[in-house]
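Please examine the sequence and the structure shown below. An account of its overall organisation, its helix packing and some individual residues is then given.

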Amino acid sequence: MRVAAAVIAALALAVAGPACGGGEEVTPTAETVEGEIQEQTVGQGDAAAGKTVFTNEANPSCGSCHTFQAAGTNAQTGPNLNEALAGDDPQQIYESIINPNAEITEGFQEGIMPGNYGEQLSEKQLADLVAFLNENKGS
């Protein structure tokens, strides 16, 4: 009886083992994953309200690190936004706020800009901030 139980247990492990992590490791690829990740998009914002987000509501404030003429700031910890945003569309500006390490401006290093503005600011605040930056970039 014990021998039969041992044989049954061994067979069960042989069959179930690969399904429980003992078999081949599979990594998903673009070809094997169905569906798509929805890209976050920026809504329509109010540029005047965005100036307040830039100067007061974001913590730390954007102006404490960036030069941006429209806000009257001249900090140099981060890129000069009058130059860095030239050619960027609103979606690119939005992405640079919520995922600042995705693309680093030459001369600056990863990790300088806080990565939590996407959680810290509401969607309305983000849309307002993007509208302010987009409307005044290059000025």
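The paragraphs that follow proceed from the chain as a whole to two helix pairs and then to three residues.

The model is predicted. Its protein chain contains six helices and two strands, and along the sequence these elements are arranged as α-α-β-β-α-α-α-α. Of the 139 residues in the protein chain, 26% are buried. The accessible surface amounts to about 9400 Å², and carbon and sulfur atoms account for 52% of that surface. When contacts between residues at least 6 apart in sequence are considered, 62% of them join residues at least 24 apart.

The packing of the helices may be taken next. Two packed helices are described by the angle between their axes and the distance between the axes. Helix 6 spans residues 123-136, and two of its pairings are described here.

The first pairing is with helix 2, which covers residues 47-57. The axes of helix 2 and helix 6 come within 7 Å and cross at roughly 100°. Angles of 65 to 115 degrees count as roughly perpendicular, and helix 2 is therefore roughly perpendicular to helix 6. On the side of helix 2, the contact is made by Ala47, Ala49, Gly50, Lys51, Val53, Phe54 and Glu57, while helix 6 contributes Gln125, Asp128, Leu129, Ala131, Phe132, Leu133 and Glu135. By residue class, this contact of helix 2 with helix 6 comprises eight nonpolar, two polar and four charged residues.

The second pairing is with helix 4, which covers residues 90-98. Here the axes of helix 4 and helix 6 come within 9 Å and cross at roughly 125°. Helix 4 is therefore oblique to helix 6, and the crossing of the two helices is right-handed. In this pairing Pro90, Ile93, Tyr94, Ile97 and Ile98 of helix 4 meet Glu123, Leu126, Leu129, Val130, Leu133 and Asn134 of helix 6. The residues of the contact of helix 4 with helix 6 divide into nine nonpolar, one polar and one charged. Leu129 and Leu133 of helix 6 appear in the contact with helix 4 and also in the contact with helix 2.

Individual residues complete the picture. Thr55 belongs to helix 2. With a relative accessible area of 26%, Thr55 is partly exposed. Apart from neighbours within four places in sequence, Thr55 is in contact with Ser61 and Ala71. The C-alpha atoms of Thr55 and Thr73 are 8.5 Å apart in space, although 18 residues separate the two in sequence.

Ser61 lies in the loop between helix 2 and strand 1, the latter formed by residues 67-68. Is Ser61 buried or exposed? Buried means under 20% relative accessible area; Ser61 has a relative accessibility of 19% and so counts as buried. Its contacts, leaving aside neighbours within four places in sequence, are with Phe54 and Thr55. Phe54 is also one of the helix 2 residues that make the contact with helix 6.

Ile112 is located in another loop, between helix 4 and helix 5, where helix 5 is formed by residues 117-120. Its relative accessibility is 36%, and Ile112 therefore counts as partly exposed. Ile112 and Cys65 are 47 residues apart in sequence, and the distance between their C-alpha atoms is 9.4 Å.

Technical notes
Residues numbered from 1 in each chain as written. Predicted model: local features only at pLDDT ≥ 70, side-chain atom pairs only at ≥ 80, totals over all residues. Heavy atoms only, no water. Helix = DSSP H or I, 4+ residues; strand = E, 2+ residues; numbered from the N terminus. Buried < 20%, exposed > 50% of the residue type's maximum accessible area, 1.4 Å probe, protein only. Contact = heavy atoms within 4.5 Å. Areas by Shrake-Rupley, 256 points an atom, 1.4 Å probe, with all protein chains shown as cover. Axes fitted to C-alpha atoms, helices over the stretch in contact; angles between N-to-C directions. Parallel < 35°, antiparallel > 145°, perpendicular 65-115°, else oblique. Left-handed = near helix turned anticlockwise from the far one by under 90°. Nonpolar A, V, L, I, M, F, W, Y, C, P; charged D, E, K, R; others polar.
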